[in-house]
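Hi everyone, thanks for making time. I'd like to walk you through a structure that is new to this group, so have a look at it while I talk.

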Amino acid sequence: MNYKSETISLPRLRTRAVSAGQGEPASIYVPGGLQGTCAHVCESGLGDTLASLGLFVSFDRRFAPDSQGPLSLQSPETNAFDLLHVMDAFAMKRPNIAGGSYGASIALTFAYWCPKRVGKLILIH
């Protein structure tokens, strides 16, 4: 799968996002781990599967090596706010949201705050 990689600007953060596919159902993957990079979802084949169904997006979270922003508390709430802005950058109204490990905590926090912006919620680990 050929992923489009781009730098996106969010409030107080510049980060990398990858996308592939088009149309509905749209899906976004929130990476886990301390640094939360989107690379592993592309390498694992999960991104390919989701992109074959519709628009697929993933992004590097705060503190990922290529992210640029002020140091701040690493919390599910801060990252859920970033998730909202990534969704808006890609005009995703109500995507399916998947999260792995710490990314699952972020996805769950987002679903609690913005239930009308969530299609399906997939929590991994």
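**Starting in the middle of the sheet**

Okay, so strand 3 and strand 5 run parallel, joined by four bridges. One of the links is Ser27, whose bridge partner in strand 5 is Asn96.

Before I go on, a word on what you're looking at: this is a predicted model, so local features need pLDDT of at least 70 and side-chain atom pairs count only at pLDDT 80 or more, while totals for chains, interfaces and linings use all residues. Residues are numbered from 1 along each chain as its sequence is written, and side-chain values use heavy atoms, with hydrogens and water left out.

When I say helix or strand, I mean DSSP runs numbered from the N terminus, with at least four residues (H or I) for a helix and at least two (E) for a strand. Two strands pair if DSSP finds at least two bridges between them.

Strand 3 has a partner on its other side too: three bridges join it to strand 4, again running parallel. Ser27 turns up here as well, with Phe56 as its bridge partner in strand 4.

Let's zoom out. What is the order of the strands in the open sheet? There are six of them, in the order 1-2-4-3-5-6, and the pairing is mixed. Strand 1 (4–10) and strand 6 (121–124) are the edges, each pairing on one side only. From one strand to the next, the twist averages 25 degrees. For angles, axes are lines fitted to C-alpha atoms, for helices over the stretch in contact, and the values run from 0 to 180 degrees between N-to-C directions.

Now the antiparallel part. Strand 1 pairs with strand 2 (residues 13–20) in the antiparallel sense over seven bridges, and there you'll find Ser9 opposite Arg14. These two strands form a hairpin with two residues between them, and Arg12 in that turn has a positive phi of about 60 degrees. Strand 2 is also antiparallel to strand 4, over four bridges, with Ser19 standing opposite Val57.

How covered is strand 2? Mostly: six of its eight residues are buried. By buried I mean under 20% relative accessible area; exposed is over 50%, and partly exposed is in between (1.4 Å probe, protein chains only).

Back to strand 3 for a second. In a regular strand the side chains alternate between the two faces of the sheet. Here Ser27 and Tyr29 point one way, Ile28 and Val30 point the other way, and all are buried.

**Helices on the sheet, and on each other**

Helix 2 (residues 46–53) packs on the sheet, touching strands 2, 3, 4 and 6, and its direction makes about 140 degrees with that of strand 4. Contact, by the way, means heavy atoms within 4.5 Å. Helix 4 lies across strand 3, strand 5 (96–100) and strand 6, running at about 145 degrees to strand 5.

Then there's the pair I like. Helix 3 (residues 76–89) packs against helix 4 (residues 102–113) at an angle of about 75 degrees, with the axes 8 Å apart. That makes the two roughly perpendicular, a label covering 65 to 115 degrees. On the helix 3 side, the residues in contact include Leu83, Leu84 and Met87, and on the helix 4 side Ile106, Phe110 and Trp113 are among them.

Follow Leu83 in helix 3. Is it buried or exposed? Leu83 is buried, with a relative accessible area of 0%. Leaving aside neighbours within four places in sequence, Leu83 is in contact with Ile28, Val30, Phe59, Ile97 and Phe110.

Just ahead of that, Ser75 is in the loop between strand 4 (56–59) and helix 3. Ser75 counts as buried at 10% relative accessibility.

**A few odd spots in the loops**

Most residues other than glycine have a negative phi, and most peptide bonds are trans. Ala91, in the loop between helix 3 and strand 5, has a positive phi of about 55 degrees although it is not a glycine. Ala91 counts as exposed, at 56% relative accessibility. Ser101 has a positive phi too, about 60 degrees, and is partly exposed at 41%. Last one: the peptide bond from Glu24 to Pro25 is cis, with omega near 0 degrees, and Pro25 sits in the loop between strand 2 and strand 3.

Conventions:
Angles under 35 degrees count as roughly parallel, over 145 as roughly antiparallel, 65 to 115 as roughly perpendicular and the rest as oblique.
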